[in-house]
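Subject: Structure handover

Hello,

Here is the structure we talked about, for you to open alongside this email. My notes on what turned up in it follow below.

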Amino acid sequence: MNDLLIYEKEYWQSYRNIAGIDEVGRGCLFGDVVAAAVILPQGLVLEDVNDSKRLSPKKRDMLYDLIMEQAVAVGIGYADSETIDQINIKQATRLAMKQAVERLAVTPDYLLIDAEKIDSPIPQLSVIKGDATSQSIAAASIVAKVTRDRLCQGTWDALYPEYGIAVHKGYATKFHREQILALGPTPMHRKSFMRNLFVEEQTLF
(Lines give C-alpha, C1' and ligand atoms only; values in the text may rest on other atoms or scores of the structure.)
Protein backbone atom coordinates (compact mmCIF):
# COMPACT_ATOMS: atom_id res chain seq x y z
CA MET A 1 0.00 0.00 0.00
CA ASN A 2 2.79 2.40 0.90
CA ASP A 3 3.96 2.67 -2.68
CA LEU A 4 0.77 4.69 -3.33
CA LEU A 5 2.28 7.41 -1.13
CA ILE A 6 5.57 7.62 -3.01
CA TYR A 7 4.82 11.06 -4.53
CA GLU A 8 3.06 12.36 -1.45
CA LYS A 9 5.95 11.47 0.87
CA GLU A 10 8.40 13.26 -1.40
CA TYR A 11 6.36 16.47 -1.64
CA TRP A 12 5.08 16.49 1.96
CA GLN A 13 8.63 17.39 2.95
CA SER A 14 8.15 20.81 1.31
CA TYR A 15 4.35 21.21 0.97
CA ARG A 16 1.61 20.77 3.53
CA ASN A 17 -1.57 20.42 1.45
CA ILE A 18 -1.19 18.25 -1.62
CA ALA A 19 -4.23 17.86 -3.89
CA GLY A 20 -4.68 14.82 -6.11
CA ILE A 21 -6.72 15.49 -9.26
CA ASP A 22 -8.42 13.11 -11.70
CA GLU A 23 -11.39 13.03 -14.08
CA VAL A 24 -13.97 10.57 -15.32
CA GLY A 25 -16.19 10.51 -18.42
CA ARG A 26 -13.57 11.56 -20.94
CA GLY A 27 -14.53 8.84 -23.42
CA CYS A 28 -18.32 9.07 -23.05
CA LEU A 29 -20.76 10.11 -25.78
CA PHE A 30 -23.10 11.72 -23.26
CA GLY A 31 -22.91 14.07 -20.31
CA ASP A 32 -20.29 16.09 -18.50
CA VAL A 33 -16.69 15.22 -17.89
CA VAL A 34 -16.38 15.34 -14.08
CA ALA A 35 -13.15 16.12 -12.22
CA ALA A 36 -12.33 15.91 -8.53
CA ALA A 37 -9.54 17.42 -6.43
CA VAL A 38 -8.86 15.82 -3.04
CA ILE A 39 -6.51 16.93 -0.26
CA LEU A 40 -5.85 14.14 2.23
CA PRO A 41 -4.23 14.66 5.65
CA GLN A 42 -0.47 14.12 5.81
CA GLY A 43 0.44 10.53 6.62
CA LEU A 44 -3.11 9.16 6.22
CA VAL A 45 -3.16 5.69 4.66
CA LEU A 46 -6.49 4.66 3.17
CA GLU A 47 -6.57 0.90 2.77
CA ASP A 48 -8.05 -0.33 -0.55
CA VAL A 49 -7.93 3.08 -2.23
CA ASN A 50 -6.92 2.38 -5.81
CA ASP A 51 -7.75 3.33 -9.38
CA SER A 52 -11.57 3.59 -9.37
CA LYS A 53 -11.83 1.41 -12.50
CA ARG A 54 -10.45 -1.56 -10.53
CA LEU A 55 -13.03 -1.33 -7.73
CA SER A 56 -16.56 -2.69 -7.54
CA PRO A 57 -19.36 -0.08 -7.32
CA LYS A 58 -20.07 -1.16 -3.72
CA LYS A 59 -16.40 -0.72 -2.76
CA ARG A 60 -16.25 2.66 -4.52
CA ASP A 61 -19.30 3.90 -2.60
CA MET A 62 -17.78 2.80 0.68
CA LEU A 63 -14.44 4.46 -0.08
CA TYR A 64 -16.21 7.60 -1.33
CA ASP A 65 -17.85 8.01 2.09
CA LEU A 66 -14.51 7.41 3.82
CA ILE A 67 -12.68 9.94 1.62
CA MET A 68 -15.39 12.59 2.13
CA GLU A 69 -15.14 12.02 5.87
CA GLN A 70 -11.32 12.03 6.14
CA ALA A 71 -10.28 14.57 3.48
CA VAL A 72 -9.02 18.04 4.40
CA ALA A 73 -10.98 19.32 1.38
CA VAL A 74 -12.75 18.03 -1.74
CA GLY A 75 -13.58 20.05 -4.88
CA ILE A 76 -15.58 18.90 -7.90
CA GLY A 77 -15.57 20.45 -11.38
CA TYR A 78 -17.71 19.86 -14.46
CA ALA A 79 -17.48 20.56 -18.18
CA ASP A 80 -20.72 19.94 -20.09
CA SER A 81 -21.21 18.55 -23.58
CA GLU A 82 -21.54 22.03 -25.10
CA THR A 83 -18.16 23.07 -23.67
CA ILE A 84 -16.61 19.79 -24.83
CA ASP A 85 -17.92 20.42 -28.37
CA GLN A 86 -16.65 24.01 -28.34
CA ILE A 87 -13.12 23.57 -26.99
CA ASN A 88 -12.48 19.77 -27.39
CA ILE A 89 -12.35 17.07 -24.74
CA LYS A 90 -8.74 17.66 -23.67
CA GLN A 91 -9.28 21.36 -22.96
CA ALA A 92 -12.66 20.66 -21.34
CA THR A 93 -11.01 18.09 -19.04
CA ARG A 94 -8.39 20.65 -18.02
CA LEU A 95 -11.13 23.19 -17.39
CA ALA A 96 -13.07 20.78 -15.14
CA MET A 97 -9.84 19.97 -13.25
CA LYS A 98 -9.04 23.66 -12.77
CA GLN A 99 -12.60 24.24 -11.49
CA ALA A 100 -12.23 21.32 -9.05
CA VAL A 101 -9.04 22.89 -7.62
CA GLU A 102 -10.71 26.32 -7.35
CA ARG A 103 -13.63 24.77 -5.45
CA LEU A 104 -11.41 23.34 -2.70
CA ALA A 105 -12.16 25.02 0.65
CA VAL A 106 -8.43 24.85 1.44
CA THR A 107 -5.94 26.17 -1.13
CA PRO A 108 -3.46 23.40 -1.99
CA ASP A 109 0.30 24.02 -1.98
CA TYR A 110 1.00 21.38 -4.63
CA LEU A 111 -1.00 19.48 -7.27
CA LEU A 112 -0.59 15.87 -8.36
CA ILE A 113 -2.57 15.48 -11.59
CA ASP A 114 -3.38 12.30 -13.47
CA ALA A 115 -1.57 12.65 -16.83
CA GLU A 116 -2.56 16.31 -17.31
CA LYS A 117 -1.40 19.88 -16.75
CA ILE A 118 -3.75 22.67 -15.71
CA ASP A 119 -3.59 26.44 -15.92
CA SER A 120 -2.75 27.28 -12.31
CA PRO A 121 -0.03 29.19 -10.46
CA ILE A 122 0.16 26.31 -7.96
CA PRO A 123 3.20 24.05 -8.59
CA GLN A 124 2.12 20.76 -10.12
CA LEU A 125 3.27 17.38 -11.37
CA SER A 126 1.62 15.39 -14.14
CA VAL A 127 1.69 11.73 -13.08
CA ILE A 128 1.25 9.06 -15.76
CA LYS A 129 -1.14 6.34 -14.48
CA GLY A 130 -1.51 8.55 -11.41
CA ASP A 131 -4.69 6.82 -10.24
CA ALA A 132 -2.66 3.61 -9.79
CA THR A 133 0.47 5.20 -8.26
CA SER A 134 -0.75 8.05 -6.01
CA GLN A 135 -3.24 7.72 -3.16
CA SER A 136 -4.38 11.34 -3.59
CA ILE A 137 -5.08 10.89 -7.31
CA ALA A 138 -6.75 7.50 -6.67
CA ALA A 139 -9.00 9.18 -4.08
CA ALA A 140 -9.89 11.88 -6.64
CA SER A 141 -10.67 9.21 -9.25
CA ILE A 142 -13.08 7.53 -6.80
CA VAL A 143 -14.83 10.81 -5.92
CA ALA A 144 -15.15 11.80 -9.60
CA LYS A 145 -16.42 8.34 -10.62
CA VAL A 146 -19.02 8.07 -7.84
CA THR A 147 -20.19 11.67 -8.46
CA ARG A 148 -20.63 11.04 -12.19
CA ASP A 149 -22.24 7.60 -11.76
CA ARG A 150 -24.81 9.06 -9.37
CA LEU A 151 -25.69 11.73 -11.94
CA CYS A 152 -26.05 9.01 -14.61
CA GLN A 153 -28.29 6.91 -12.38
CA GLY A 154 -30.28 9.86 -11.05
CA THR A 155 -30.78 13.24 -12.74
CA TRP A 156 -29.50 12.37 -16.21
CA ASP A 157 -31.36 9.07 -16.51
CA ALA A 158 -34.56 10.79 -15.34
CA LEU A 159 -34.14 13.46 -18.03
CA TYR A 160 -33.60 10.96 -20.85
CA PRO A 161 -34.94 7.57 -19.70
CA GLU A 162 -35.00 5.98 -23.18
CA TYR A 163 -31.21 6.02 -23.59
CA GLY A 164 -30.18 3.68 -20.76
CA ILE A 165 -27.78 6.20 -19.21
CA ALA A 166 -28.05 4.58 -15.76
CA VAL A 167 -26.69 1.33 -17.19
CA HIS A 168 -23.91 2.34 -19.62
CA LYS A 169 -23.07 5.72 -18.00
CA GLY A 170 -22.94 7.44 -21.38
CA TYR A 171 -20.34 5.17 -23.00
CA ALA A 172 -20.75 3.95 -26.58
CA THR A 173 -22.41 0.59 -25.98
CA LYS A 174 -24.36 -1.10 -28.77
CA PHE A 175 -27.70 -0.23 -27.09
CA HIS A 176 -26.67 3.40 -26.60
CA ARG A 177 -25.61 3.77 -30.24
CA GLU A 178 -28.85 2.15 -31.42
CA GLN A 179 -30.94 4.54 -29.30
CA ILE A 180 -29.06 7.57 -30.67
CA LEU A 181 -29.70 6.34 -34.22
CA ALA A 182 -33.38 5.65 -33.47
CA LEU A 183 -34.19 8.76 -31.40
CA GLY A 184 -31.45 11.22 -32.33
CA PRO A 185 -29.00 12.77 -29.87
CA THR A 186 -30.18 14.70 -26.80
CA PRO A 187 -28.82 18.18 -25.92
CA MET A 188 -26.47 16.38 -23.50
CA HIS A 189 -24.84 14.26 -26.20
CA ARG A 190 -21.43 15.37 -27.40
CA LYS A 191 -21.97 16.29 -31.05
CA SER A 192 -18.23 16.26 -31.73
CA PHE A 193 -18.17 12.58 -30.66
CA MET A 194 -21.14 11.73 -32.90
CA ARG A 195 -19.45 12.28 -36.26
CA ASN A 196 -17.30 9.16 -35.99
CA LEU A 197 -20.24 7.21 -34.61
CA PHE A 198 -22.43 7.84 -37.66
CA VAL A 199 -19.58 7.37 -40.12
CA GLU A 200 -19.00 3.93 -38.54
CA GLU A 201 -22.71 3.11 -38.72
CA GLN A 202 -22.95 4.07 -42.40
CA THR A 203 -20.02 1.86 -43.37
CA LEU A 204 -21.87 -1.14 -41.89
CA PHE A 205 -24.62 -1.02 -44.50
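The largest pocket has a volume of about 190 Å³. Please keep in mind that this is a predicted model, so every value here is computed from the predicted atoms. General background first: rolling a probe the size of a water molecule over the atoms shows where empty space is left.

Fourteen residues would be a lot to list, so here are the ones at the middle. The lining of the largest pocket has 14 residues, and those nearest its centre are Glu23, Val24, Gly25, Lys53 and Tyr171. Two elements give two or more residues to this lining, namely strand 1 (18-24) and helix 6 (135-159). Strand 1 contributes the most, with three residues. What kinds of residue make up the lining of the largest pocket? Eight are charged, four are polar and two are nonpolar.

Lys53, one of the residues nearest the pocket centre, also leads to the next item. The side chain of Lys53 makes a polar contact with the side chain of Asp131, at 3.2 Å. Asp131 sits in helix 5 (residues 130-133). Is Asp131 buried or exposed? Its relative accessibility is 7%, so Asp131 counts as buried, the cut-off being under 20%. Beyond its neighbours within four places in sequence, Asp131 is in contact with Asp22, Asn50, Asp51, Lys53, Asp114, Ile137, Ala138 and Ser141.

Next, the cysteines. How many disulfides are there? The count comes to zero, where a disulfide needs two cysteine sulfur atoms within 2.5 Å. Cys28 is in no disulfide, and the nearest cysteine sulfur to its own, that of Cys152, is 6.7 Å away. Seen from the other side, Cys152 is in no disulfide either, with the sulfur of Cys28 as its nearest cysteine sulfur at 6.7 Å. Cys28 is buried, because its relative accessible area is 0%. Cys152 also counts as buried, at 0% relative accessibility.

Two residues have a backbone angle to look at. As a general matter, most residues other than glycine have a negative phi. Asn88 has a phi near 85 degrees, a positive value in a residue other than glycine. Asn88 is found in the loop between helix 3 (81-87) and helix 4 (89-102), and it is partly exposed, with a relative accessible area of 40%. Ala115 has a positive phi too, near 55 degrees, and is likewise not glycine. Ala115 lies in the loop between strand 4 (110-114) and strand 5. With a relative accessible area of 38%, Ala115 is partly exposed.

Ala115 comes up again with Ile128. Where does Ile128 lie? Ile128 is in the loop between strand 5 (124-127) and helix 5. The two residues are 13 residues apart along the chain, and the C-alpha atoms of Ile128 and Ala115 are separated by 4.7 Å. Not counting residues up to four places away in sequence, Ile128 touches Ala115 and Thr133. Ile128 counts as exposed because its relative accessibility is 62%, and the cut-off for exposed is over 50%.

The last residue on my list is Met194, in helix 9 (residues 191-204). Met194 is buried, with a relative accessible area of 4%. Which residues does Met194 contact, leaving aside its neighbours within four places in sequence? They are Leu29, Ile180, Pro185 and His189. The C-alpha atoms of Met194 and Ser14 are separated by 46 Å, and these residues are 180 residues apart along the chain.

Regards

Technical notes:
Residues are numbered from 1 along each chain as its sequence is written. This is a predicted model: local features need pLDDT of at least 70, side-chain atom pairs count only at pLDDT 80 or more; totals for chains, interfaces and linings use all residues. Side-chain values use heavy atoms; hydrogens and water are left out. On a 1 Å grid over the protein atoms alone, a cavity is a set of points where a 1.4 Å probe fits but cannot get out, and a pocket is an open set with protein on both sides within 12 Å along at least five of seven lines; lining residues have an atom within 4 Å of a point. Grid points are joined across faces, edges and corners, and a volume is the space filled by probe spheres set on the points. Helices (H or I, at least four residues) and strands (E, at least two) are DSSP runs, numbered from the N terminus. Ala, Val, Leu, Ile, Met, Phe, Trp, Tyr, Cys and Pro count as nonpolar, Asp, Glu, Lys and Arg as charged, and the others, Gly among them, as polar. Buried means under 20% relative accessible area, exposed over 50%, partly exposed in between (1.4 Å probe, protein chains only). A polar contact is a pair of N or O atoms within 3.5 Å; within protein, one must be able to donate a hydrogen and the other to accept it, and residues adjacent in sequence count only if both atoms are side-chain atoms. Contact means heavy atoms within 4.5 Å.
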